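Got the viewer open? Let's take a short walk through this one, selecting a few residues as we go.

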Amino acid sequence: VDSVLILPVDIDKGRGLKNVLEFYKIKSDEAGVMGDGENDLPMFEIAKYRFTVGNSIESLVKISTFHSEKKYSEGSIEILNHILENIY
């Protein structure tokens, strides 16, 4: 919210996710990501399953697959429980 993120050109979380998916031969429609801030948008554009917590920016919430009203770690725990409940 009150910080600046400076990175080399073409380096962001989306690029990192693409590299991981390629390395492990995982399709983007099999991938899930969790985020809350603007710097998470590039990876949200790649993964099929997108999870946000209560303190997430609105642009992420709008494109999320599942949104927890709980914030920060509590929201992450709720998301992980949701995933486990829906897989098994």
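Start with Phe23: at 62% relative accessibility it counts as exposed, because the cut-off for that label is over 50%. Keep in mind that you're looking at a predicted model. Phe23 sits in helix H1.

Now add Val20, Tyr24 and Ile26 to the selection. Together with Phe23, these residues form a nonpolar patch on the surface, and the accessible area of the four adds up to about 440 Å². In general, nonpolar side chains in soluble globular proteins tend to be buried together.

For the buried counterpart, select Leu17, Leu21, Ala31, Val33, Met43, Phe44, Ile46, Ala47 and Leu60. Those nine residues make up the largest nonpolar core. Colour by secondary structure and you'll find that helix H1 (13-24) and helix H2 (41-44) each supply at least two residues of this core. Zoom in on Leu17 next: setting aside residues up to four places away in sequence, Leu17 touches Val33, Met43, Ile46 and Ala47.

Next stop, Thr52, in strand E2 (residues 49-52). Is Thr52 buried or exposed? Thr52 has a relative accessible area of 0%, so it is buried. Show side chains here and look for His67: the side chains of Thr52 and His67 make a polar contact at 2.8 Å.

To finish, expand the selection around Thr52. Apart from neighbours within four places in sequence, Thr52 is in contact with Gly35, Phe44, Leu60, Val61, Ser64, Phe66, His67, Ser68 and Ile79. Among them you'll recognise Phe44 and Leu60, which you selected earlier as part of the largest nonpolar core.

How values were computed:
Residues numbered from 1 in each chain as written. Predicted model: local features only at pLDDT ≥ 70, side-chain atom pairs only at ≥ 80, totals over all residues. Heavy atoms only, no water. Helix = DSSP H or I, 4+ residues; strand = E, 2+ residues; numbered from the N terminus. Buried < 20%, exposed > 50% of the residue type's maximum accessible area, 1.4 Å probe, protein only. Polar contact = N/O pair within 3.5 Å; in protein donor to acceptor, adjacent residues only side chain to side chain. Contact = heavy atoms within 4.5 Å. Core = buried A, V, L, I, M, F, W, Y, C linked by side-chain atoms within 4.5 Å. Patch = residues over 30% accessible without salt bridge, like charges linked within 9 Å, V, L, I, M, F, W, Y side chains within 5 Å. Areas by Shrake-Rupley, 256 points an atom, 1.4 Å probe, with all protein chains shown as cover. Salt bridge = Lys/Arg side-chain N within 4 Å of Asp/Glu carboxyl O.
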